[in-house]
Amino acid sequence: MTAADTEAAAPPADSEPPPPTGRKSGRPKGGGRATARTGGALLPYLLIGPAIVAIAAIFAWPLVQTVIMSFQDMGRRELWTGDSPPWVGFEQFSTILGDSHFWSVTFKTVLFMVVCVSLTMSLGLLIAMSMQRMSPWVRLLLTGALIAAWSMPLLVATSVFRWLSDSDYGVINSTLSRIPGLDFQGHNWFLNPWQGFTIIGAVVIWGAIPFVVITLYAALTQVPKELEEAAKLDGANSWGVFHHVVFPVIKPVFQMVATLSVIWDFNIFGQVFLMRGNKPEPEYELLGIYSFQKAFTSSSFSQGTAIALITVLLLSGVAAYYLRQLLKTGEVE
Amino acid sequence: MSTTTTARTSEGADTEGAQTPPKKPAPRRYRAERRPNRIGFNIFGLVAFVVMAFPVYWLVLSAFRPNSEIRSYDQSLFPTSITFDNFVRATETRFFWTAIQSSLIICVTAVLGAMVLGTIAAFAIGRFNFVGRKAFMMVLIVVQVLPPTAMLIPIYVQLNSMGALNEYWGVIVVYLVSVLPFSIWMIRGFVINVPKELEESAMVDGCSRMQAFWKVMFPLLAPGIAAASIFSLITAWNEYLFAYVIMQDNDKYTLNVWLMNFTTDRGTDYGGLMAGSVIVAVPVVIFFMIVQKKMAAGLTSGAVKG
């Protein structure tokens, strides 16, 4: 806050040396937004008041509740009677942390996230870089497909993939069976969790690639052609050009997209939940599903919130990193 | 420098040929090198196109395919016969029309509310400098990183104690606040691009602050508010989890929950499911096309909602 104040008090001074670089969301032209009118010192607080109340009621207060509930024992009975649940201290946490299922779920969640994020980012970068080099009509086709895929609601995308991988009439099985020597007729992809998670991973990656490609492609167009050419003239091979010229330019965007992907893929819920017909088996539990099942199937709301709290804590490092990047780009000024 | 500008206007990526103008054979060599490259990238691009487009293609194809062909062990990859049976069956299922009604009531109310709260808050953080402004902006980002599934249980318990379970307003409030942070963020981007002088001169000419806002600011913010409301509408329309948990009566289900319950104990009617999915997706696709350009930029600059 103090940084913002000083910056606003002396806009043209040292705090932001290169103002005319023309970042598009920059400050308004004349003088900055500095002067808070003395008469209306309360006005901004009145204006953000309703938003703050709303956010506090739906985000902040429940977060506090999460912490409180995870130290209590809240079940169905307390929910319906409104009695305040008994305090149990760290019991929920010790139960969960002592449960081997929790550890296997956590491991699965992290593994799934790592695989999905690395595949999404590498494929996304590959497609984005090739898009610069393909004929315009191919690029146009591909962009159209990307936008169409991007606009699909998660629920619809998951339904389609469920239908694609249906054991009896799914097109994946009937196409694979056409390959001589393979018989996938009636093959159930979800009996083996590894195969099941492959299909789920496919939905996740398919759904995430459009955003990654379009964002990275936009970043790649910012790479100065002169620099690439100069590097080539100096004898750099294509890896050298990428490593020393292209990547440094797109790095901030790449990091931002990768961080968002980590956050999104760590919180995967719907794709698994919907793919398994709203009743995921224990093998298909990721942290989000695990917490949901504990609360709404086993009616142990406190254990559910304790797991959710652990998830938030696990993610908070990534979230802090994301926040720092945003601060660095100067969006929060 | 002039060579580089011409190089940039030509489409290809490797334009080193342009750097050596005097030699005659250079352009030919350059063309000979470029050809196979492009073909490789084009093939890769077409493969990527097929992979990305196929699920969407299959969705539409299956929605229009007669049930006899859907229940076939040998799926034809190409359109055969077209029928609207699936759509008729989907719309004739119970609670379809009430689901449309619920979805519309909930989404429109939530978005309108979010726009009112969002615009005034965005105006405050875009125009005034006050203690806590930066903290408020950080809060806007942090709440979007919170996993919705983690918030689900406490919100459910909270709504339960407020008697908001199974009520429209319970879902409306949740949706309103979920889209609020990124709406504020987005509209703020438009606020800071309106020169302060415009407003000030209106006030010098005798407008009150309120009038200056309505007559000068608001028309300039309108495109931003429109874009933010389309984003919010898409987000709210696509949400299914909170609606699924909060709503208990069949006739209060939103369209997504209606679609979630398409699978019965006797198996899944995939033709109907695909037709239902098309119905759910069409408004989203239309709105998405309108705001797609802003989507990528918005996502990387702090508006996190996907």
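Here are some notes on a predicted model with chains A and B.

1. Ground rules. Residues are counted from 1 along each chain as its sequence is written, while chains are lettered from A and ligands numbered from 1 in the order in which they are written. Since this is a predicted model, local features need pLDDT of at least 70 and side-chain atom pairs count only at pLDDT 80 or more, whereas totals for chains, interfaces and linings use all residues.

2. Confidence in chain A. The score to know is pLDDT, the predictor's confidence in each residue, from 0 to 100. Chain A averages 80, and 86% of its residues score at least 70. Among the elements of chain A, helix H5 (residues 100-131) has the highest mean, 92, and helix H1 (residues 2-9) the lowest, 33. Go easy on residues 1-39 of chain A, where pLDDT stays under 50. Where pLDDT is low, the predicted coordinates should not be read in detail.

3. Confidence in chain B. The average here is a pLDDT of 78, with 82% of the residues at 70 or above. Helix H1 (residues 2-9) of chain B is lowest with a mean of 37, and helix H5 (residues 96-127) of chain B is highest with 90. There are stretches under 50 to watch, including residues 1-34 and residues 302-306. For the complex, the predictor gives an ipTM of 0.79 and a pTM of 0.79.

4. The make-up of chain A. You'll find 14 helices and 0 strands in chain A. (Helices are DSSP runs of H or I with at least four residues, strands are E runs of at least two, and both are numbered from the N terminus.) Of its 333 residues, 40% count as buried, meaning that 20 or more other C-beta atoms lie within 10 Å of a residue's own, with C-beta atoms placed from the backbone.

5. How the two chains meet. Residues are in contact if their C-beta atoms, placed from the backbone, lie within 7 Å. By that rule, chain A and chain B each put 103 residues into the contact. On the side of chain B, helix H2 (residues 25-63) supplies the largest share, 16 residues. That side of chain B has 67 nonpolar, 25 polar and 11 charged residues. (Nonpolar covers Ala, Val, Leu, Ile, Met, Phe, Trp, Tyr, Cys and Pro; charged covers Asp, Glu, Lys and Arg; the others, Gly among them, are polar.)

6. H14(A) against H6(B). Which residues of H14(A) meet H6(B)? They are A:Ala319, A:Tyr322, A:Leu323 and A:Leu326, and they meet B:Met138, B:Ile141, B:Val142 and B:Val145. By class, this contact has 8 nonpolar, no polar and no charged residues. The axes of H14 (residues 301-329) of chain A and H6 (residues 133-145) of chain B come within 11 Å and cross at roughly 140°. (Axes are lines fitted to C-alpha atoms, for helices over the stretch in contact, and angles run from 0 to 180 degrees between N-to-C directions.)

7. H14(A) against H7(B). H14(A) also packs with helix H7 (residues 148-161) of chain B, at about 145° and with the axes 8 Å apart. On the H14(A) side, the residues in contact are A:Phe301, A:Gly304, A:Thr305, A:Ala308, A:Thr311 and A:Val312. They meet B:Thr149, B:Ala150, B:Ile153, B:Pro154 and B:Val157. The class count for this contact is 7 nonpolar, 4 polar and no charged.

8. Domains in chain B. Chain B is split into domain 1 (2-63) and domain 2 (88-300), with bounds from an automatic or database domain assignment. In chain B, 4 residues of domain 1 touch 6 residues of domain 2.

Key
Two residues are in contact if their C-beta atoms, placed from the backbone, lie within 7 Å. A residue is buried if 20 or more other C-beta atoms lie within 10 Å of its own, exposed if 12 or fewer, and partly exposed in between; C-beta atoms are placed from the backbone.
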